[in-house]
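Please work through the exercises below with the sequence and the model at hand, trying each task before reading its solution.

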Amino acid sequence: MSTTSRITVTVVAAAVGISALAACGTPGGAGDAKTVTLVSHDSFQVSKSVLAAFEKESGYKVKMLKGGDAGKAVNQAVLTKGNPQGDVFFGIDNTLLSRGLDEGLFTPYRAKGLEKVPAALQLDKGEHRVTPLDYGDICVNYDRGYFDRHKIAPPKTFDDLLKPRYKGLLVTENPATSSPGLAFQLGTLAKYGEKGWQDYWKKLKANGVEVVDGWDQAYNDRFSGSAAGKAKGDKPLVVSYASSPPAEVLGKKPAPKEAPTGVATGTCFRQIEFGGLLKGAKNEKGGKALLDFLLSKEFQEDVPLKMFVNPARKDAKVPELFTKYGTTIDQPATLAPGTITKNREQWIKQWSSLVLK
């Protein structure tokens, strides 16, 4: 999950807020509703011109409901299942996917263009209850300026974060309320296994890790390298995205040789985001059209510089800024979806007992 919106997003209360996003359109056909509603986490963004083109072509007006961090948005969708707040959900990821599928949130639909998505991203390939729309890597980011000033090498690995030189420097998100926080926890599970991850977190806690509820608070309030936070935070290490550094460069003139933030490449976990047609959607036909749009080449090529994640379509072009200042993670940590499904809730409870008490 992360983006220019991830750098500038406004915190939304647990109650879902409504913001209308588009110009009026005409009905898509006899009996069609004029409005199709997208439910998402706060970080969803799309260029006005790209959205307007869809609305003009389809005849639908798009309304969007944003529900906080991905974890909160999924919780809200579960609470309203069967009578959903919208037609399509965007932003459930592989760390939370099993919950959405087990709760029966989605109606199967094979979106147009799915053949352009690599098989490795299609975690529900057999049933098409969800459609892969983007992916990114959750990693520790560091403030280059801080480490340059203090003449300390930034950390590179999970093990490095336990060293005394990094004591009190890291802020992360709560896995129970934040998908980046959960992804970071799963990264430690992938690294240290069932027998070692709890001991790792005991040591990380002893080394002064700070925990906050969500990504926005961690990155924009606590991280010293956030431009949106105007460097008021005092934590030079934060759990964010491998693609966050380009967002710190966007719009800067002249363009710097490197981003002011870097990525600890040995701390990364692969996150895949999905969209799905909500079961009980009032405008199912419009929802299908919206899902097709989210997987269209036009939207997919808009994704990198709006949400600073990688497009799911392999034929979508990625802008130079994204590739120049971002970090490619060749071997991110992963866990099988079935393993996450079986253990996620137990792991979160164990983490909470270890770290929050």
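Two exercises on charged side chains follow, each with a worked solution.

The model is predicted, so local features need pLDDT of at least 70 and side-chain atom pairs count only at pLDDT 80 or more, whereas totals for chains, interfaces and linings use all residues. Residues are numbered from 1 along each chain as its sequence is written, and side-chain values use heavy atoms, with hydrogens and water left out.

**Exercise 1.** Determine which parts of the chain are linked by the salt bridges of Glu-210.

Solution. Begin with the criterion, which is a side-chain nitrogen of Lys or Arg within 4 Å of a carboxyl oxygen of Asp or Glu. Arg-222 meets Glu-210 with the closest N and O atoms 3.0 Å apart; because Arg-222 lies in helix α7 (residues 215-222) and Glu-210 in strand β8 (residues 210-212), this pair ties together parts twelve residues apart in sequence. Next, Glu-210 also forms a salt bridge with Lys-235, at 3.8 Å from N to O, and this pair links strand β8 to the loop between α7 and β9 (237-241), 25 residues apart. Finally, shared partners join Glu-210, Arg-222, Asp-234 and Lys-235 into one network.

**Exercise 2.** Decide whether Lys-235, Asp-199 and Lys-203 are buried or partly exposed.

Solution. Apply the cut-offs for relative accessible area: buried is under 20%, exposed over 50%, and partly exposed in between (1.4 Å probe, protein chains only). Lys-235, at 10%, is buried, whereas Asp-199, at 38%, is partly exposed, and Lys-203, at 43%, is likewise partly exposed. Asp-199 and Lys-203 form a salt bridge, with the closest N and O atoms 3.3 Å apart.

Terms used. Helix = DSSP H or I, 4+ residues; strand = E, 2+ residues; numbered from the N terminus.
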